[in-house]
Amino acid sequence: MGESTSDYLVNNINPYLAVILGAVGFVIALILQFSVRKYVAWVYWLLVVMVAIFGTMVADVIHIVLGVPYYASTIAFAIILTVVFSTWYKVEKTLSIHSIYTRRREVFYWAAVLATFAMGTATGDMTAMTLNLGYLASGILFIVLFVLPAVGYFLFGLNEIFAFWFAYIMTRPLGASFADWFGKPKGITGLGYGDGIVVAVLTILIVIFVGYLSVTRRDV
């Protein structure tokens, strides 16, 4: 949803205004998240959505405005993510999401989330456009990479925290690839439904799922 929303806004209103709106929305959601003292489903997922939109914009601005190749931005964001994880582990001695019950650990968590979205956008565009795989083939590639840590965990005893974060990171380019496949024109390997339709459908699904979690509290 973040990929399609970012593309829709940038292409249908002033691009600079779109990025500013994305940044403002991200900051508001971040303040809201850090103002609550416990997990609240709609507050948490609102920030995830805004991170998805703004993280996508950051990656796109670096490529389109600054002219940085996708492979270079992918490597750069991978380095940033590695630094976040390394610092987080050095300071807190764990990367487990079940240990996030202090503000400092929450800051590390959201820094990692933002970096994964930015890197995921750059990686998905790199495989689709730079490597010429197209959006569908890229999506299938990231499905395989998404499943690998589960296989490693259940069959070979792969560390559960590493398995979680590897799969978590893969959801970014996976989602972006399929969003682009549905939304982008057929001339660039998409199905041509349009970003607006993809945004509308995925937004409705997110609202339904988050509403379900808010009512049932099955995730608490």
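1. Helices here are DSSP runs of H or I with at least four residues, numbered from the N terminus. The model is predicted, and Ser177 lies in its helix α7. The protein has 8 helices and 0 strands. Along the sequence the pattern reads α-α-α-α-α-α-α-α.

2. On overall dimensions, the radius of gyration of the protein is 17 Å. A compact globule with 220 residues would have a value near 17 Å, so the two agree. Taken along the principal axes, the C-alpha atoms fill a box of roughly 45 × 40 × 35 Å.

3. On burial and surface, 42% of the 220 residues of the protein count as buried. The protein exposes about 11,900 Å², and carbon and sulfur atoms supply 74% of that area.

4. On contacts along the chain, take those between residues at least 6 apart in sequence: 65% of them join residues at least 24 apart.

5. The largest pocket has a volume of about 1,500 Å³. Its lining is made up of 44 residues, and those nearest the centre are Tyr44, Trp45, Val48, Tyr109 and Tyr168. Two or more lining residues come from each of α1 (2-12), α3 (41-64), α5 (103-130), α7 (160-183) and α8 (195-216). By class, the lining of the largest pocket holds 30 nonpolar, 7 polar and 7 charged residues.

6. The second largest pocket holds about 440 Å³ of space. It is lined by 18 residues, with Asp7, Val10, Asp60, Val61 and Ile64 closest to its centre. The helices α1, α2 (15-35), α3 and α5 each give at least two residues to this lining. The classes in the lining of the second largest pocket are 11 nonpolar, 1 polar and 6 charged.

7. Some helices serve both pockets. Helix α1, for one, gives two or more residues to the lining of the largest pocket, and α1 also supplies at least two to the lining of the second largest. The entries for α3 and α5 read likewise for the largest pocket and for the second largest.

8. Is Ser177 of helix α7 buried or exposed? Ser177 has a relative accessible area of 1%. The cut-off for buried is under 20%, so Ser177 counts as buried. Which residues does Ser177 contact, leaving aside neighbours within four places in sequence? They are Gly124, Tyr135, Ser138, Gly139 and Phe142. Of these, Gly124 falls within the range 103-130 given for α5.

Definitions and conventions. Residues numbered from 1 in each chain as written. Predicted model: local features only at pLDDT ≥ 70, side-chain atom pairs only at ≥ 80, totals over all residues. Heavy atoms only, no water. 1 Å grid on protein atoms, 1.4 Å probe; cavity = no way out; pocket = protein on both sides within 12 Å on 5 of 7 lines; lining within 4 Å. Points joined across faces, edges and corners; volume = space filled by probe spheres on them. Nonpolar A, V, L, I, M, F, W, Y, C, P; charged D, E, K, R; others polar. Buried < 20%, exposed > 50% of the residue type's maximum accessible area, 1.4 Å probe, protein only. Contact = heavy atoms within 4.5 Å. Rg over C-alpha atoms; globule rule 2.2 N^0.38 Å. Areas by Shrake-Rupley, 256 points an atom, 1.4 Å probe, with all protein chains shown as cover.
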